[in-house]
Amino acid sequence: MIIGTAGHIDHGKTSLVKALTGIDTDRLKEEKRRGITLELGFAHLNLDDGSVAGVVDVPGHERFVKAMAAGAGGVDLAVLVVAADEGVMPQTREHLDICRLLGVKAGVIALTKADLLVELGAEWRALVEADLATLVGGTFLEGAPVVPVSSKTGEGLDALRAALTRAARGLSSRPAEGPAFLPVDRAFTIKGFGTVVTGTLLSGTFGVEDAVSLLPGLPGPLRVRGLQMHGEAVQKVAAGQRTAVNLTGVEPEAIARGMVLVKAGEVPETRMLDVELSLLPAAEEGLSRRRKLLLHLGTAQVEATVALLDLEKLEPGETALAQLRLSEPLAALPGQRFILRGSRALPGRGATLAGGRVLSITPPRRRKGGAEVVAPLLEADAGGQVAWLLRQVGYRGLTQQELFARSALAPKVLTRTLELLGARGTALLVDRERRLYLSGEVFEGLQARALALLAAFHEREPLREGLSREELRQRLSGELDARLFTRVVQALTDAGKVEVDKEVVRLKGRGRTLSLDEDAARTRLVVDLSAAGLAPPTLNELSERLRLPAARVAELLKVAVAEGRVVRVSEELFFDAGALTGLKERLVAHLREKKEISTQAFKELVGQSRKFVIPLSEYFDREKVTLRVGEKRVLRRA
């Protein structure tokens, strides 16, 4: 569990952490000199029940809210720190807003500098406590204990520790079986060990020797050399723990806050997020449909364009569906909380405007009205979530590992979900080796499209037997997986809707159909070519004889070729199949006896002019009967 401080500058957050834990979280010289916290600080606290909590101390100054948000992203339990002599201040409000928007569920209010309360008087204390009650009304801190505490005298420290112990009992643990996901808040070098990154593990587990990546930008794979928790070496860490990870294969200069440590190949980068978004009631004006704001997600901060999906404007206090389009790639998890900040502070509470949760991590760019597509995720169970993800990717499908990252479901839950969806026909396993799944709806849609394509083809090309398998696949989608296409054709064949003849696919009972005139024209073509032997008329000459367009004659010749009665030798020349077979036999016999043949000898063998001899010699080369060697040809060996 992670405890995080929150509150205005100089209200005693760092002093309180030191008094509770004995650890001074201000480690920078500049922090010591100025007496204020500039960066995140870390400690650990022994609770009364024997458990150990990680502690994140955040800066209170409004200029360092970026660091505060980076630390608050992993907080389970907040300590809202309010100084007795000042009461509620702007950063008190903004830090509480941030904790609410980031989904913190429980906390305690620490009324620091309690040693001043006697001097300030009971009336002042009552006023501060009334302000606090108004501030936390309707939030996760409503009804939370207010513990007066003094870091100077030690008053109230035991009571605060007891209150934190009680608050921690009701918290649920983070998902240790989800994708490993550790937003990096620090990177440095330890002599003799090398590069170390630290952060709060939000999901999953890491073990020593794991292959990992740093996203965005360092896919690796890198290797986990060692792990520490609260200063002790461990072999494994799980979600909800603050962790130091010793990495090999990367220098600390290449790492920046905002990167996320994940297992290699498990979580993708993204520049787009589907989200549920809430605008703070205190926002002065609504949020327009395409507003640019700063997104704080995990420890990352990037500029984002907020595209509302079903509204022109989001009013203060309202919630809507939106898509965040990011200026830079980052890594995210479904369900992860975020905040959005503007460039101008709200009166009395800072620049935090909105926040919400991630619904989908790799969506396509959505147009206005896309809320209908995203809305099912708001209430989806595991089955609904997986079915939605498969529908969204269409023909590409998703592997089980990709579904794991995009759903953040535990592996066992995901496996059971896929089995259930498979039994219903909602998900289809199309490649067992890759564990590739396709939406049942998409598979049915593919079959319907294939039938429509074949029907249109038969209407347009009545003289052709059908579409080649590859041509049909390309028309469906050039990116369609070959195994998936085979499943589509097989399903249509099993249903008796199509038939396959070698590499040709056609609708059941359809294929080449000739009218009486076309059949007569084809017969005349075959007769003319048979009579011409090895000196056939060209395509244009045949067109003139039959008084038909050349394109129509070419189609009829294709029919004759498919029937095996005619052979195409060149663009313009088609030969009678029997005449060509006879020539081939004489050519092979000649080559077996003479071992070679010159162009002149071949011309004599054919008994025709170069107009026919050259195309025929090239045809036999293509058919791998002969091999050209210089000015002669030899019999090609099998």
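**Figure 1. Arg435 sits in the loop between strand S25 (427-431) and strand S26 (436-439).** The model shown here and in the other views is predicted. Arg435 is not a glycine, yet its phi is positive, at about 55 degrees. Most residues other than glycine have a negative phi. The view takes in the ends of the loop, with S25 covering residues 427-431 and S26 covering residues 436-439.

**Figure 2. A cis peptide bond joins Leu215 to Pro216.** Omega for this bond is near 0 degrees. Most peptide bonds are trans. Pro216 belongs to the loop between strand S10 (211-215) and S11. Strand S11 runs over residues 218-229. S11 returns in the view of the second largest pocket, where it supplies at least two lining residues.

**Figure 3. The largest pocket holds about 1,100 Å³ of space.** Its lining is made of 38 residues. Nearest the centre of this pocket lie Ser173, Arg174, Pro175, Leu202 and Gly335. Which strands each supply at least two residues of the lining? They are strand S3 (52-57) and strand S23 (350-360). S23 makes the largest share, with three residues. By class, the lining of the largest pocket has 20 nonpolar residues, 13 polar and five charged.

**Figure 4. The second largest pocket has a volume of about 480 Å³.** There are 24 residues in its lining. Thr198, Gln228, Gly231, Thr243 and Ala244 are the closest to the centre of this pocket. Several strands each bring at least two residues to the lining: strand S2 (41-46), S7, S8, strand S11 (218-229) and strand S14 (242-248). The lining of the second largest pocket divides into twelve nonpolar, nine polar and three charged residues.

**Figure 5. The largest cavity encloses about 90 Å³ of space.** Fifteen residues line this cavity; Ala70, Gly74, Asp185, Thr200 and Thr299 are the closest to its centre. Three elements give two or more residues to the lining: helix H3 (65-72), strand S7 (182-190) and strand S8 (194-200). S7 and S8 also each supply at least two residues of the lining of the second largest pocket. How many residues of each class line the largest cavity? Six are nonpolar, seven are polar and two are charged. Across the whole structure, a search finds five cavities of 30 Å³ or more.

**Figure 6. The second largest cavity holds about 70 Å³ of space.** Its lining consists of Ile3, Thr5, Leu16, Val17, Leu20, Thr21, Leu45, Val55, Val79 and Leu164. Strand S1 (2-7) and helix H1 (13-21) each provide at least two of these residues. Which element gives the most? H1 does, with four residues. By class, the lining of the second largest cavity has eight nonpolar residues, two polar and no charged.

**Figure 7. Helix H9 (residues 382-393) and helix H10 (residues 400-407) cross at roughly 115 degrees.** Two packed helices are described by the angle between their axes and the distance between the axes. Here the axes of H9 and H10 come within 11 Å. Is the crossing of H9 and H10 right-handed or left-handed? The crossing is right-handed. On the H9 side, the contact is made by Gln385, Val386, Leu389 and Leu390. On the H10 side, Leu403, Arg406 and Ser407 take part. The contact residues divide into four nonpolar, two polar and one charged.

**Figure 8. Phe602 and Phe620 form an edge-to-face aromatic pair.** This is one of two aromatic pairs in the structure. The rings of Phe602 and Phe620 lie 6.3 Å apart, centre to centre, with 90 degrees between their planes. Why is the pair edge-to-face? Planes over 60 degrees apart count as edge-to-face, and the planes of Phe602 and Phe620 are at 90 degrees, so the pair falls in that class. Where do the two partners sit in the chain? Phe602 is in helix H19 (residues 599-606), while Phe620 is in helix H20 (residues 610-622). The two residues are 18 residues apart, and the pair links distant parts of the chain.

Terms used. Residues numbered from 1 in each chain as written. Predicted model: local features only at pLDDT ≥ 70, side-chain atom pairs only at ≥ 80, totals over all residues. Heavy atoms only, no water. 1 Å grid on protein atoms, 1.4 Å probe; cavity = no way out; pocket = protein on both sides within 12 Å on 5 of 7 lines; lining within 4 Å. Points joined across faces, edges and corners; volume = space filled by probe spheres on them. Nonpolar A, V, L, I, M, F, W, Y, C, P; charged D, E, K, R; others polar. Axes fitted to C-alpha atoms, helices over the stretch in contact; angles between N-to-C directions. Left-handed = near helix turned anticlockwise from the far one by under 90°. Contact = heavy atoms within 4.5 Å. Phe/Tyr/Trp six-rings, centres within 6.5 Å; stacked < 30°, edge-to-face > 60°.
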